[in-house]
Number of protein chains: 2
Amino acid sequence: MSIGIKISLNPKLYLRDPQETPLGQKIIKNSILLIDEIGFESFTFKKLAGKIKSTEASIYRYFENKHLLLIYLVSWYWEWLSYLIDINTLNIESSRKKLNIIIDTLVEAYRENPAIEYVNESILQRLVIAEGAKAYHTKAVDKDNKDGFFINFKELSEKIAKVIEEVDPQFKYPHALASNLIEMANNHSFFAVHLPRLTDIKISDEDYSPVKEMLCHFVSKLLNNEKP
Amino acid sequence: MSIGIKISLNPKLYLRDPQETPLGQKIIKNSILLIDEIGFESFTFKKLAGKIKSTEASIYRYFENKHLLLIYLVSWYWEWLSYLIDINTLNIESSRKKLNIIIDTLVEAYRENPAIEYVNESILQRLVIAEGAKAYHTKAVDKDNKDGFFINFKELSEKIAKVIEEVDPQFKYPHALASNLIEMANNHSFFAVHLPRLTDIKISDEDYSPVKEMLCHFVSKLLNNEKP
DNA sequence: TCTTGAGTAATAGTAATACTATCATTATAG
DNA sequence: CTATAATGATAGTATTACTATTACTCAAGA
């Protein structure tokens with residue numbers, strides 16, 4: 001059941017807007033599934049074309065290359081998170097409560113109701129956890145940044161930083177803590193599954209709430225204002 | 001001036017030990033320089049062969065593929081850090097002081113004296129900051145982990161976790177904090193230069209001490225024992 | 001109704017990448 | 001002086017990451 005939101009992303013990321021056409025939507029949907037399945041390195045436009053019974057050339061009309069497609073998908077995820085945070089914190093007064101809701105959302109976004117039929121947000125979250133860092137770990141980071149390719153991540157991070165500042169206006173590192181909360185939410189979900197010695201989190205039955213608890217604990221130690 | 005340490009790494013990472021031969025040492029030395037220069041995605045064994053006036057086939061005798069070479073280089077870095085931490089904390093009694101030294105080392109390893117003539121550790125640190133996460137963000141992470149490819153990172157992380165436990169035995173997340181300190185040291189050095197809105201750190205004149213200050217501040221807030 | 005054009009498919013082709021294989025040459029250790 | 005390990009030289013293959021061209025399809029505008 002779609003609630004009809006439309007995610008708006010930097011048009012420089014694509015040649016033709018994939019949200020506007022059936023083929024474009026198929027590209028978004030199936031690239032998420034395929035990258036999740038075989039990993040970004042093995043993913044090619046040819047394989048994707050095979051999966052959706054289209055052709056390489058048709059996909060190249062939408063995205064210049066697979067790196068821009070990755071940035072597109074990752075940006076989509078940050079926009080979606082941003083949207084979730086907005087609706088989940090609507091009418092919440094307490095900044096501290098807001099911050100807890102933000103942490104909940106960062107970690108357990110995958111539990112939310114699907115918002116758009118051609119995007120499996122739960123798989124997209126797994127993809128971002130596994131491949132997200134590759135979007136900016138590249139020689140082109142400065143150029144890509146100038147082109148505004150990371151705006152969605154930066155805006156999400158800034159949104160969180162603002163709430164951190166509300167909670168403790170004296171805290172010196174609101175932006176660093178904000179981006180670190182996002183990174184930790186993803187990294188420790190990944191570590192718990194694949195490299196458990198790098199974390200203290202234990203996940204059972206797909207329950208990621210221990211990650212939430214840890215982040216809440218960190219935040220409550222780091223930030224001083226204990227008002228509700 | 002070499003002090004003659006030999007870094008020992010998982011032999012499964014290579015086909016022939018590159019530390020044992022002049023060509024092997026050239027491969028290590030120049031792959032660091034070349035990956036730093038053009039980025040891991042653009043890096044190929046052919047280009048490296050051109051740089052060292054050897055051939056692709058010769059390089060393939062040392063490393064199965066460029067991914068294993070990356071893991072090798074990154075593992076080298078973690079071993080080197082581990083070694084630095086050991087000598088820098090030698091004879092230090094106070095756990096809290098130890099932890100500060102560890103943070104210093106994580107951030108400013110590049111200032112240390114070169115230990116091995118065919119490795120430019122300062123450039124290697126920049127490489128790990130930029131490309132390190134790619135070592136384990138792959139579909140083969142579980143297999144690679146079983147083969148012990150991440151042992152050096154895990155041991156470094158565990159070494160730091162132990163000191164954290166000494167400082168505050170009550171703290172519930174020593175392993176997570178340890179790996180997070182390593183990640184933050186690298187990420188925020190990267191963000192400060194390339195994506196400044198994601199951090200509060202400002203770097204001028206190659207001076208990364210603000211990153212140290214931030215990590216020390218986080219640690220002192222998170223850990224309770226205030227004994228010296 | 002005819003035309004136009006946007007979107008897509010089909011096909012082909014290229015340069016580079018990621019390897020593998022073979023054989024000749026050089027260095028060195030016994 | 002010889003045996004053998006290491007390297008170099010060369011060639012070849014399948015796949016990747018594109019670009020180009022042509023043709024088909026279908027819906028809207030004249």
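Below are four exercises with worked solutions on a predicted model of two chains.

Residues are numbered from 1 along each chain as its sequence is written, and chains are lettered from A in the order in which they are written. Local features need pLDDT of at least 70, side-chain atom pairs count only at pLDDT 80 or more, totals for chains, interfaces and linings use all residues, and side-chain values use heavy atoms, without hydrogens and water.

**Exercise 1.** State what turn and what shift lay chain A on chain B.

*Solution.* Superpose the copies by least squares on the C-alpha atoms of residues with pLDDT of at least 70 in both. A turn of 180° with a shift of 0.0 Å along the axis lays chain A on chain B, and the RMSD is 0.0 Å. That is the relation of a two-fold axis.

**Exercise 2.** Describe the contact between the chains and the area that they bury.

*Solution.* Take contact as heavy atoms within 4.5 Å. By this rule, 53 residues of chain A touch 53 residues of chain B. Of the interface residues of chain A, 100% are also interface residues in chain B, so the copies meet through the same surface.

Next, take buried area as the accessible area (1.4 Å probe) that two parts lose on being put together, summed over both. Chain A and chain B bury about 4,500 Å² between them, with 58% of it on carbon and sulfur atoms. On the side of chain A, the most area is lost by A:His137, A:Tyr173 and A:Arg197, together 17% of what that side buries.

**Exercise 3.** Find the salt bridges across the interface, and name the helices that supply the side of chain A.

*Solution.* A salt bridge is a side-chain nitrogen of Lys or Arg within 4 Å of a carboxyl oxygen of Asp or Glu. The rule finds two across the interface of chain A and chain B. One of them joins B:Arg197 to A:Glu158, with the closest N and O atoms 3.1 Å apart.

For the helices, use DSSP runs (H or I, at least four residues), numbered from the N terminus. H1 (22–38), H6 (121–131), H7 (141–146), H8 (151–167), H9 (174–194) and H10 (209–222) of chain A each supply at least two residues of the side that touches chain B. The largest share, 13 residues, comes from H9(A).

**Exercise 4.** Locate the "DNA-binding region" of chain A and give its helix content.

*Solution.* UniProt (unreviewed entry) places this feature at residues 44–63 of chain A; positions follow the numbering used here, feature names are shortened, and annotations may be inferred rather than shown by experiment. The span is 60% helix, and its end C-alpha atoms lie 12 Å apart.
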